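Good morning, and thank you for joining this group meeting. I would ask you to keep the sequence and the structure in view while I speak.

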Amino acid sequence: MSRAVLSLGSNLGDRLAYLRVAVDGLRDVLVSVSSVYETAPWGVTDQPDFLNAVCIVDDPARDHWAWLRAGQALEREAERVREQRWGPRTLDVDVVTVDDVRSADPELLLPHPGTAERATVLIPWLEIDPDAEVPGAGRADALLAALPAADKNDVRRRPDLPL
Ligand SMILES: Nc1ncnc2c1ncn2[C@@H]1O[C@H](COP(=O)(O)OP(=O)(O)OP(=O)(O)O)[C@@H](O)[C@H]1O
Ligand SMILES: Nc1nc2c(c(=O)[nH]1)N=C(CO)CN2
């Protein structure tokens, strides 16, 4: 089996529609999907707010590279153009974890290196898996508890935006 946690983000154009492109494209392998969260941008802060969500997918036939390729195909479907690092995008699909795979290959770092510091990933992930663990870094709830309150306050659930 290969179970992956994918982080979705959009801050350009019809943000909800782009997240739906991703979820619809994963429908056959979808185990669960979080609520949508409106989040203040980190990294490059002078850009529009993001919508973020996390989904858990499972497919015994896919390895971690197949999940990366699936995410990239969805980004292409959302007409993503490659722009500045951490800049605005119609759709970003990050592979957060795949089972307990660890990878130092720059094309596919696992677990995704930003995970432990990103409330925008940890909060939606914990919503759908309260026992979530980041391989090598411990429980997601403990990682979230260690983040500044301001980071958590910048992640607001949007129950009015269903996926
Ligand atoms: N776990 C991963 N998930 C998705 N892409 C990854 C992962 N590890 C490495 N990459 C590589 O990262 C590149 C995409 O980077 P991208 O421009 O989306 O970064 P970013 O989203 O701006 O920043 P960040 O990766 O910190 O969220 C791709 O070339 C991809 O091969
Ligand atoms: N709130 C938020 N900020 C970001 C995000 C994101 O998904 N959410 N993604 C980025 C590029 O990976 C840069 N900044």
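Of the 163 residues in this protein, 37% count as buried. Please bear in mind throughout that this is a predicted model. The protein contains five helices and ten strands. Its radius of gyration is 15 Å, close to the 15 Å that the globule rule gives for 163 residues, so the protein is as compact as a globular protein of that length. Measured out along the principal axes, the C-alpha atoms fill a box of roughly 40 × 35 × 30 Å. Consider also the contacts with a separation of 6 or more: 69% of them are accounted for by residues 24 or more positions apart.

Let us now turn to the first helix. Which residues of α1, residues 15-25, are buried? They are R15, Y18, L19, V21 and A22. These residues cover an arc of only 145 degrees around the axis, which puts them on the same side of α1. A general point helps here. An α-helix has 3.6 residues a turn, so residues three or four places apart point the same way. The face of α1 turned away from the buried side carries the exposed residues A17 and D24. And what do the buried residues of α1 pack against? Their partners are β1 (3-10), β4 (50-58), α2 (64-77) and β5.

Helix α3 offers a second case. Seven of the ten residues of α3 are buried, so this helix is largely enclosed by the rest of the structure. The buried residues are A119, T120, V121, L122, I123, P124 and W125.

One of these, P124, leads us to S34, since P124 is among the residues in contact with S34. S34 lies in the loop between β2 (30-33) and β3 (37-39). Is S34 buried or exposed? A residue counts as buried if 20 or more other C-beta atoms lie within 10 Å of its own. S34 has 21 other C-beta atoms within 10 Å, and is therefore buried. Leaving aside neighbours within four places in sequence, S34 is in contact with A53, V54, P124, E127 and I128. In addition, S34 and C55 are 21 residues apart in sequence, while their C-alpha atoms are 6.2 Å apart in space.

Next, the ligands. Which residues surround ligand 1? They are L68, R85, W86, D92, D94, V95, E107, L108, L109, L110, H112 and G114. Two elements give two or more residues to this shell, namely β5 (92-98) and β7 (108-110). By class, the shell around ligand 1 has six nonpolar, two polar and four charged residues.

Around ligand 2 we find G9, T39, A40, P41, W42, G43, F50, N52, W86, D92 and T120. This shell divides into five nonpolar, five polar and one charged residue. W86 and D92 appear in the list for ligand 1 and also in the list for ligand 2.

There is an annotation to mention as well. An unreviewed UniProt entry places the feature "domain: 7,8-dihydro-6-hydroxymethylpterin-pyrophosphokinase" at residues 85-96. Over residues 85-96 the chain is 0% helix and 42% strand, and the end C-alpha atoms are 18 Å apart.

I shall finish with two loops. In the loop between β5 and β6 (103-105) we find V101. V101 is partly exposed, with 16 other C-beta atoms within 10 Å. Not counting residues up to four places away in sequence, V101 touches H64 and L110. V101 and P135 are 34 residues apart along the chain, and their C-alpha atoms are separated by 7.6 Å. D99 lies in the loop between β5 and β6 too. Although D99 is not a glycine, it has a positive phi of about 45 degrees. D99 is partly exposed, with 14 other C-beta atoms within 10 Å.

The other loop runs between β7 and α3, and holds P111. L110 and P111 are joined by a cis peptide bond, with omega about -10 degrees. P113 also has its place in the loop between β7 and α3. With 11 C-beta neighbours inside 10 Å, P113 counts as exposed. P113 and W125 are twelve residues apart in sequence, and 15 Å apart in space from C-alpha to C-alpha.

Thank you for your attention.

Methods: Residues numbered from 1 in each chain as written. Chains lettered and ligands numbered in written order. Predicted model: local features only at pLDDT ≥ 70, side-chain atom pairs only at ≥ 80, totals over all residues. Helix = DSSP H or I, 4+ residues; strand = E, 2+ residues; numbered from the N terminus. Rg over C-alpha atoms; globule rule 2.2 N^0.38 Å. Buried ≥ 20, exposed ≤ 12 C-beta atoms within 10 Å, placed from the backbone. Contact = placed C-beta atoms within 7 Å. Near = placed C-beta within 6 Å. Nonpolar A, V, L, I, M, F, W, Y, C, P; charged D, E, K, R; others polar. Arc of directions from axis to C-beta. UniProt positions renumbered as here; feature names shortened; annotations may be inferred.
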